[in-house]
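Hi,

Here is the structure I promised to pass on. Have a look at it first, and then read my notes below.

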Amino acid sequence: MEIRPLKIRDIEKVRELEVACIREYFAATLENKWEDLPQDWKDGLGASSRRHFKAYLDGGLSFVAEEDGEIMGFIFAQMLHHICDEENLLWIENMGVHPYFRRNAIGYKLLRECVKAGMAQGACVAHSMIQLDNAPSIMLHKKVGFFIDRRQVALMDLRDPNLRL
Ligand SMILES: CC(C)(COP(=O)(O)OP(=O)(O)OC[C@H]1O[C@@H](n2cnc3c(N)ncnc32)[C@H](O)[C@@H]1OP(=O)(O)O)[C@@H](O)C(=O)NCCC(=O)NCCS
């Protein structure tokens with residue numbers, strides 16, 4: 001198994017795996033049936049979606065775990081600048097490992113490689129998107145050295161047609 005930078009030729013396989021991971025999350029947390037959700041909305045989900053893939057491809061901070069031409073895991077990250085009092089902040093958007101290959105240290109290697117690459121590019125801090133009910137992800141991040149406190153982000157959907165400012 002090799003951990004290597006994301007390449008353009010990975011798009012189909014990595015898209016399939018990221019959507020499967022997102023679907024898994026929906027099945028575990030929301031009552032929505034995946035089939036009932038609008039296709040346009042589903043197509044926009046994830047860092048591997050048409051609108052976002054290139055940003056994650058170009059920065060050299062996204063990686064895949066590959067063996068025999070198959071993608072077993074992925075991590076999508078990019079560098080953000082001048083945010084949270086930092087000039088360079090490593091932003092980890094999403095990661096996942098194929099269910100069949102979990103608990104084989106693939107997630108650990110992907111996350112560690114991504115953080116090392118971020119450091120090499122000058123990041124002083126890393127932020128990773130995690131759900132507070134995702135125990136495997138929390139344990140993985142702690143193992144790599146992340147700390148998780150009570151901070152949460154307040155969100156506002158600026159595309160909401162009902163928004164009144
Ligand atoms: C979270 C995820 C990426 C972990 O990948 P993985 O390859 O199975 O993780 P690893 O084998 O590298 O595990 C590293 C450490 O993470 C923790 N961990 C991973 N899976 C765990 C689980 N199911 N329960 C408890 N701890 C777990 C353990 O501390 C583990 O170390 P150990 O094996 O020495 O105990 C994987 O479960 C996944 O893809 N989940 C679905 C998608 C997802 O939730 N992505 C995270 C979004 S931030």
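Leaving aside its neighbours within four places in sequence, which residues is A126 in contact with? Before the answer, a caveat: this is a predicted model. With that said, the contacts of A126 beyond those neighbours are L90 and F146. A126 itself sits in strand 5, which runs over residues 125–128. At a relative accessible area of 23%, A126 counts as partly exposed, because buried would need a value under 20%. You can also use A126 to get a distance across the fold: its C-alpha atom is 11 Å from that of C84, and the two are 42 residues apart along the chain.

Now the overall picture. The protein has five helices and five strands, and in sequence order they read β-α-α-α-β-β-β-α-β-α. The C-alpha trace spans about 45 × 40 × 30 Å along its principal axes. For 165 residues, a compact globule would have a radius of gyration near 15 Å, and the 16 Å found for the protein agrees with that. Buried residues make up 34% of the 165. If you take the contacts between residues at least 6 apart in sequence, 61% of them join residues at least 24 apart.

On the surface side, about 11,300 Å² is exposed, with carbon and sulfur atoms supplying 52% of that area. Charges come to 22 positive and 25 negative side chains, and the centres of these two sets are 2 Å apart.

Helix 1 is where I spent some time. It covers residues 11–29, and at 1.5 Å a residue its 19 residues should span 27 Å; the end C-alpha atoms are indeed 27 Å apart. Its buried residues are V14, R15, L17, E18, C21, I22 and F26, so the list includes charged side chains, as Arg counts as positive and Glu as negative. The cover over these buried residues includes helix 2 (39–43) and helix 3 (53–58), along with strand 2 (63–67), strand 3 (70–83) and strand 4 (86–97).

E18 deserves a click of its own. This helix 1 residue has 0% relative accessibility and therefore counts as buried. Setting aside neighbours within four places in sequence, E18 is in contact with G46, A47, S48, F74, F76 and N94.

Then there are the loops. Two aspartates have a positive phi, and here is how they look:

- D68 has a phi near 50°. It is in the loop between strand 2 and strand 3, and is exposed with a relative accessible area of 76%.
- D85 has a phi near 65°. It is in the loop between strand 3 and strand 4, and counts as exposed at 81% relative accessibility.

For context, most residues other than glycine have a negative phi.

Finally, D36 is in the loop between helix 1 and helix 2. This residue is exposed too, with a relative accessible area of 59%. Its C-alpha atom is separated by 42 Å from that of E87, which is 51 residues away along the chain.

If you open the model, I would begin with E18 and the residues in contact with it, then go on to the loops that hold D68 and D85.

Cheers

Key
Residues numbered from 1 in each chain as written. Predicted model: local features only at pLDDT ≥ 70, side-chain atom pairs only at ≥ 80, totals over all residues. Heavy atoms only, no water. Helix = DSSP H or I, 4+ residues; strand = E, 2+ residues; numbered from the N terminus. Rg over C-alpha atoms; globule rule 2.2 N^0.38 Å. Buried < 20%, exposed > 50% of the residue type's maximum accessible area, 1.4 Å probe, protein only. Contact = heavy atoms within 4.5 Å. Areas by Shrake-Rupley, 256 points an atom, 1.4 Å probe, with all protein chains shown as cover. Charge placed at Lys NZ, Arg CZ, Asp CG, Glu CD. Expected span 1.5 Å × (residues − 1).
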